[in-house]
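Here are my notes on this model, written so you can follow along with the structure open. I start with a pocket and work outwards from there.

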Amino acid sequence: MGFNDVILWAAALAAGMVNSVAGGGTLLTFPVLLAALSVSPSALVLASGAGVIANGTSTVALLPASAVSAWEYRREFRQAGRWLTWLLVPSVIGGLAGTLLVTELPSGVFDKLVPWLILTAALLYALQPRISKWLISGATDDRPSRRRLTGILLFQLLVALYGGYFGAGIGILMLSALALMGLTDIHVMNAVKNLLATSINAMAAAVFIFRGKVEWNMTLPMMLAAIVGGFLGARLARRTNRVIVRRIVVAIGFSLATYYFYRQFYGSPA
């Protein structure tokens with residue numbers, strides 16, 4: 001096992017743990033994959049671009065761990081029946097459309113958006129505690145009106161579109177929609193959010209695999225590491241200070257966004 005393999009495995013392990021504790025695993029795996037693929041590009045990378053392949057590989061590698069997290073909330077699914085029914089369809093459609101945009105548009109388009117996507121994700125994670133507190137305190141148990149439900153479904157479609165295109169940060173966006181729908185139980189909200197995120201990521205992974213945008217020699221070891229990290233993170237979640245974990249992930253996100261902005265506008269730093 002080479003040094004790059006160790007770094008990739010460690011990033012996936014950390015991503016699995018971080019996703020179990022606070023979310024934000026993509027902010028760890030995507031940049032490491034992008035760096036590794038850019039240094040020694042394969043024929044696949046040369047054909048499709050390092051950013052697209054890093055995105056596809058990260059999505060597929062983290063999918064099983066995401067599914068495990070969703071399964072842990074299976075008891076709450078019964079309490080969220082109508083919300084799952086309403087939101088699953090736009091989630092699948094948006095996830096499919098977003099991933100098709102990544103795979104069909106020129107790779108340079110995604111590469112130019114990378115700094116903005118990472119910055120958006122970092123901002124969402126930084127603001128998540130305040131947004132969640134505000135949403136939950138303002139939520140009611142009233143059934144949403146037809147007009148509000150239509151707006152929420154369109155909002156979820158846009159969230160899934162972004163999720164299929166990049167993915168990091170969709171959790172807080174979906175919690176926003178669920179709060180507006182009237183959900184007040186945070187456990188039920190997390191159950192719905194995790195299942196919808198898994199459905200978006202599963203659709204994205206299917207498209208990436210079908211389009212041949214996955215570097216499998218990197219994916220499989222990272223997949224195993226992410227699953228191990230997910231189990232470890234679930235056990236450590238109650239003992240871990242989520243605020244500290246979130247701050248670390250946010251700091252990494254802003255640092256990476258700064259780096260990619262610098263590289264995009266001024267060339268590769270020395």
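1. Which residues line the second largest pocket? Bear in mind that this is a predicted model. The lining is made up of Leu34, Ser38, Ala50, Gly51, Asp111, Val114, Pro115, Tyr260, Arg263 and Gln264. If you want to find the spot on screen, select those ten names and look at the space they surround, about 180 Å³ in volume.

2. Where do these lining residues come from? Four helices each put in at least two of them: α2 (26-39), α4 (50-71), α6 (107-138) and α11 (242-266). As for chemistry, the lining has five nonpolar residues, together with three polar and two charged ones.

3. Now the overall fold. The protein has 11 helices and zero strands, so read the order of elements from the N terminus simply as α-α-α-α-α-α-α-α-α-α-α. Of its 270 residues, 50% count as buried.

4. How many salt bridges does a search of the whole structure find? It turns up one. The partners are glutamate 104 and arginine 211, whose side chains meet with 3.2 Å from N to O. This pair ties together distant parts of the chain, 107 residues apart: glutamate 104 belongs to helix α5 (residues 81-104), while arginine 211 sits in the loop between α9 (186-210) and α10 (216-236).

5. Are the two salt-bridge partners buried or exposed? Neither label fits. Glutamate 104 has 48% relative accessibility, so it counts as partly exposed. Arginine 211 comes out at 38% and is therefore partly exposed too. Buried would need a value under 20%, and exposed one over 50%.

6. There is also a nonpolar patch on the surface, formed by Leu101, Leu105, Val109, Leu113 and Trp116. Together these residues have about 400 Å² of accessible area. Helix α6 gives the most to the patch, with three residues.

7. Two members of that patch deserve a closer look. Tryptophan 116 is located in helix α6, and its relative accessible area of 47% makes it partly exposed. Leucine 101 is in helix α5 and is partly exposed as well, at 37% relative accessibility. Leucine 101 also has a partner from elsewhere in the sequence: tyrosine 165 is 64 residues away along the chain, yet the two C-alpha atoms are separated by 6.9 Å.

8. What about isoleucine 53, buried or exposed? With a relative accessible area of 0%, it is buried. Isoleucine 53 lies in helix α4, and its C-alpha atom is separated by 5.2 Å from that of lysine 213, a residue 160 positions apart from it along the chain.

9. Threonine 219, in helix α10, is buried with a relative accessible area of 0%. Its C-alpha lies 9.5 Å from that of tryptophan 9, although 210 residues of sequence lie between the two positions as a separation.

10. Last on my list is asparagine 190, which lies in helix α9. Asparagine 190 has a relative accessible area of 16%, and the cut-off for buried is under 20%, so this residue counts as buried. Leucine 178 is 12 residues apart from asparagine 190 in sequence, and in space the two are 9.5 Å apart, C-alpha to C-alpha.

Technical notes. Residues numbered from 1 in each chain as written. Predicted model: local features only at pLDDT ≥ 70, side-chain atom pairs only at ≥ 80, totals over all residues. Heavy atoms only, no water. 1 Å grid on protein atoms, 1.4 Å probe; cavity = no way out; pocket = protein on both sides within 12 Å on 5 of 7 lines; lining within 4 Å. Points joined across faces, edges and corners; volume = space filled by probe spheres on them. Helix = DSSP H or I, 4+ residues; strand = E, 2+ residues; numbered from the N terminus. Nonpolar A, V, L, I, M, F, W, Y, C, P; charged D, E, K, R; others polar. Salt bridge = Lys/Arg side-chain N within 4 Å of Asp/Glu carboxyl O. Buried < 20%, exposed > 50% of the residue type's maximum accessible area, 1.4 Å probe, protein only. Patch = residues over 30% accessible without salt bridge, like charges linked within 9 Å, V, L, I, M, F, W, Y side chains within 5 Å. Areas by Shrake-Rupley, 256 points an atom, 1.4 Å probe, with all protein chains shown as cover.
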